[in-house]
Amino acid sequence: MEDASKEWSAVAVALGTRVMQERTRLGLTKEALADRSGLASRYIWRVEEGRQNIQLGNIARLARGLGVSLAELTAGVEELVEQPEPKPPVKPRGPAAKRAG
């Protein structure tokens, strides 16, 4: 069950990334996309953050709001899912941390 949850999470993050890419390409704010798609700006934020389990109908609304097809919006999602997660930067410890700070 945990694997399915991780897979869903990866797909949600990848789809959110695609929404954000298209929105920024068009120079739209989250609020403008919300107005164009008929969804709440908070919902747009949650989608872009990968925190929203988005329904297919709402994906279609987002695509219309972005002026793209469903295929265009979801293009590249699978490749994004397959990318390894970036490792967080390592913070220096000990004397090196004191010199850096």
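## A walk along helix 1 and its partners

Glu22 and Arg18 are a good first selection: both belong to helix 1 and sit four residues apart, about one turn of the helix. Keep in mind as you go that this is a predicted model.

**Stop 1: Glu22 and Arg18.** Show the two side chains as sticks. Glu22 and Arg18 form a salt bridge, and their closest N and O atoms are 3.1 Å apart. Are these two residues buried or exposed? Both Glu22 and Arg18 are buried. For Glu22 the relative accessible area is 10%, and since buried means under 20%, Glu22 falls in that class. Arg18 counts as buried as well, at 9% relative accessibility.

**Stop 2: add Arg25.** Keep Glu22 on display and select Arg25. The side chains of these two residues meet in a salt bridge, with 2.7 Å from N to O. Arg25 and Glu22 are both in helix 1, three residues apart, about one turn of the helix. Unlike the buried Glu22, Arg25 is exposed, with a relative accessible area of 52%. Now view the three side chains together: Arg18, Glu22 and Arg25 are linked in a network of salt bridges.

**Stop 3: around Arg18.** Return to Arg18, still in helix 1, and bring up its surroundings. Which residues does Arg18 touch, not counting those up to four places away in sequence? The list is Glu72, Leu73, Ala75, Val77 and Leu80. Select those five with Arg18 to see the setting of one end of the network.

**Stop 4: Glu48 and Arg23.** Next, pick another charged pair. Glu48 and Arg23 join their side chains in a salt bridge, 2.6 Å from N to O. Glu48 is in helix 3 (residues 41–48) while Arg23 is in helix 1, so this pair ties together parts that are 25 residues apart in sequence. Both partners, Glu48 and Arg23, are buried. How many salt bridges does a search of the whole structure find? The search finds four.

**Stop 5: Gly16.** Stay with Glu48 and select Gly16, which is found in helix 1. Leaving aside neighbours within four places in sequence, Gly16 is in contact with Val47 and Glu48. Gly16 counts as buried, with a relative accessibility of 0%. If you draw a C-alpha to C-alpha distance from Gly16 to Gln52, you should read 8.7 Å, for a pair 36 residues apart in sequence.

**Stop 6: Ala12.** Ala12 is another residue of helix 1 (residues 2–25). Its relative accessibility is 8%, so Ala12 counts as buried. Which residues is Ala12 in contact with, once its neighbours within four places in sequence are left aside? They are Val47, Gly50 and Gln52. Val47 therefore turns up again here, in contact with Ala12 as well as with Gly16. Try the C-alpha to C-alpha distance between Ala12 and Gly50 too: it is 4.6 Å, although 38 residues separate them in sequence.

**Stop 7: helix 2.** To finish, select residues 30–37, which make up helix 2, and colour Leu33, Ala34 and Ser37, which are buried. Then turn the view to look down the helix axis. Seen that way, the buried residues of helix 2 fall within an arc of 105°, so they line one face of the helix. Your last click is Gly38, which follows helix 2 and has a positive phi, near 75°.

Key. Residues numbered from 1 in each chain as written. Predicted model: local features only at pLDDT ≥ 70, side-chain atom pairs only at ≥ 80, totals over all residues. Heavy atoms only, no water. Helix = DSSP H or I, 4+ residues; strand = E, 2+ residues; numbered from the N terminus. Buried < 20%, exposed > 50% of the residue type's maximum accessible area, 1.4 Å probe, protein only. Contact = heavy atoms within 4.5 Å. Arc of directions from axis to C-beta.
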